[in-house]
Each structure stands twice: as C-alpha cells, then as structure tokens.
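User: Please take a close look at one strand in the core of this model and explain, for a first-year student, how it is placed among its neighbours. Please also describe a few residues in loops elsewhere in the chain.

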Amino acid sequence: MTGDIRETKECQLKDPMDLFHSGQVVKICAPMVRYSKLAFRTLVRKYSCDLCYTPMIVAADFVRSAKARDSEFTTNKGDHPLIVQFAAKEAQVLCDAARIVSPFADGIDLNCGCPQRWAISEGYGACLINKPELVKDMVRHVRSQIDNPKFSVSIKIRIHEDLQRTVDLCQKAEAAGVSWITVHGRSIEERHQPVHYDAIKIIKQSMSIPIVANGDIKTLKDAENVHHLTEADGVMVARGLLANPAMFAGYEETPFQCIQDWVDIALEHGTPFTCFHHHLMYMMERITSKQEKKVFNVLSSTSAVLDYLNDHYGV
C-alpha cells in the first residue's frame, strides 16, 4: 500500500458530491470481491466511469493488521474519486478504518447489502438493514470523527419485503448525515429474481439525498432505462462492467482497444496472473466462439495469454 499511497498525498482529493450536483446521471463501478481493484478501476475510468469503489474490506482486520492494509488497499494519483467500502458492525472500528483511508480516498461506504452467509453470520452486510439504529450510529460516528467535510459517508443496502422498513432505515441514515444511499433492488433472499426498480423509485421519492440504483444493469441503454424508471441520481454496475469495461462509454461489447488497454494497465500494475486472466475471460465472453473459449480459458501463464491475443487479435 505504502509506495502507491505516498504519491497520493500530493494529489487533490475530490468531492464525490460534486458529481451528484452535476445534473448528469453518475456512472459508478460497484465494489466487487477480487475484481474492482486499482488496475480495473484505472481501466473503467478511461471509459467514462465517474466513480469507483474498492472491493469490500473487513474493517476490523484492516485496522488490526498492517498486512491486511497492504494487501487490501492500493491507490494512486489518478484513482479519484474513490470510495472505500467496509464491512463493519461497530461504530468505532468503522471510524478507525475511515481515519486510516481518509488522506487517500474521497469517502467510505458501509456495506449493508452483502447477502453471503459468512457475512451475515459475522454480523456484517445485509443483516444491518435490520439494525437501523446501529447503521445510524455508525454513520454519525464517522461524520463526527473525520475532519474533512467533503469526505463522503455512504451506505449500500438491499430492500425489505416490507418496503416501509427500508424507507425508515434510509430516513434514519439521512438524519445521521449519510451522503447518499445505493439501493440494490432485491431482498436478502432474492438472487436472480427481477430487480424491484419500483421500490428504488419509492425510496428516491422519500429522500432528499442522492439515491443510486443497482441491480441487473448490463449496458448503457439499461442504465438509461433504470434512471428513467427509478429517477435515481446514479447507477452502479458490477457484472455489466466486468463483461464490458467500456460500457459506460456506449460500447455494446468490449472493443479491442479496451482489451489492449487492460493488458497494458495490468502488466504495468503487476496484476497477478489469475486476476489478469479472469478479467480477460469476462471481457471476451461475448466476442469469442465456444471453441476459442475452450482454448483461452485454460491458458496458464501471462506469456501464453499474450501470445494468444497477439496471434488471434493482433493485441
């Protein structure tokens, strides 16, 4: 973490709220485990992504262990505006984590939406939507302990079956000083069911802070439709950007220039092979035949991947 971060001290941190006041829909890269790291954030920023999140980081580990800080959080001068997402269940631990990243990031986000069993059993993620007083307390603590008034504090949630409970949660968070709320339009139990965009719209109409819509946005057209359906101030995309990092720039599928950019950025950042390869597998999903996938997906070294891309695509 340290080498990259030292440079960042010289750069001007940004106010993410300026994006929400720009009059344009804010285009956001979601926090994705293993994937939304510095190299990938660098790539999507080249293609009209306005705001990026880190993968979710467990705040307690981050505060306790220098090793966790080094492996979980890397940034540089161009990596702004940047939101660091934390899993936390204690206000002071979240504050301590926020204080560590505040010189290098533009805000933090509290994960109240992760539906994975391990997260919920530890008291993290989506179980927090059932603890509005705790969420309120955590937001308020960070607000009072971080001196920089431009440092944002946001939350990412799922919805309740009874939507009034979600509206109440959001209003409590707003009263505590939350900057914006990202709403994944599914309940904890729902995985692949249709997203409840109508619910996001009701939440948006009940609040005076920005609301970001999340769930099943795969193309720029989808993003425009979801904005229209929900009136949300921003759209957050996960898998759609993995499949096509240039999607916010209006490309229907990953252009070859974007693949070339990923190769250049990943090599420059020293991206581990598995991550480098996985990103390419996602990016080439729609543009390769079944036979090509069979060959490409089992390649086992960076040089083999580079040779393949050169031979088949001139990349």
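Analyst: The account below begins with one strand and then turns to three loop residues.

This is a predicted model, in which local features need pLDDT of at least 70 and side-chain atom pairs count only at pLDDT 80 or more, while totals for chains, interfaces and linings use all residues. Residues are numbered from 1 along each chain as its sequence is written, and side-chain values use heavy atoms, with hydrogens and water left out.

The strand in question is β4, residues 82–87. Helices (H or I, at least four residues) and strands (E, at least two) are DSSP runs, numbered from the N terminus. Six of the six residues of β4 are buried, so the strand is largely enclosed by the rest of the structure. Here, buried means under 20% relative accessible area, exposed means over 50%, and partly exposed lies in between (1.4 Å probe, protein chains only). In a regular strand the side chains alternate between the two faces of the sheet. In β4 both faces are covered: one side carries L82, V84 and F86, the other carries I83, Q85 and A87, and all of these are buried.

The neighbouring strands come next. Two strands pair if DSSP finds at least two bridges between them. Strand β2 (residues 51–53) runs parallel to β4 and is joined to it by two bridges; within this pairing, C52 stands opposite L82. Strand β3 (residues 57–58) is also parallel to β4, again with two bridges, and V58 has A87 as its bridge partner. Four bridges link β4 to strand β5 (residues 107–112), and these two strands run parallel. The bridge partner of Q85 in β5 is D109.

Helix α6 (residues 91–101) belongs with β4 and β5 to a right-handed β-α-β unit. Right-handed means that, with the strands pointing away from the viewer, the path from the first strand over the helix to the second runs clockwise.

A database record gives a wider setting. UniProt, in an unreviewed entry, places the feature "domain: DUS-like FMN-binding" at residues 29–292. UniProt positions are given in the numbering used here, feature names are shortened, and annotations may be inferred rather than shown by experiment. Over residues 29–292 the chain is 45% helix and 14% strand, and the end C-alpha atoms are 28 Å apart.

The loop residues can now be described. C114 lies in the loop between β5 and α7 (117–121), and the unreviewed UniProt entry annotates C114 as "active site". C114 counts as buried because its relative accessibility is 10%. Not counting residues up to four places away in sequence, C114 touches A119, I120, G125 and A126, where contact means heavy atoms within 4.5 Å.

H160 is found in the loop between β6 (152–158) and α9 (163–175). With 7% relative accessibility, H160 is buried. The C-alpha atoms of H160 and I129 are 7.9 Å apart, although the two residues are 31 residues apart in sequence. The side chains of H160 and T166 form a polar contact of 2.9 Å. A polar contact is a pair of N or O atoms within 3.5 Å; within protein, one must be able to donate a hydrogen and the other to accept it, and residues adjacent in sequence count only if both atoms are side-chain atoms.

R186 sits in the loop between β7 (181–184) and α10 (197–205). R186 is buried, with a relative accessible area of 3%, and its side chain reaches the backbone oxygen of R191 at 3.3 Å.
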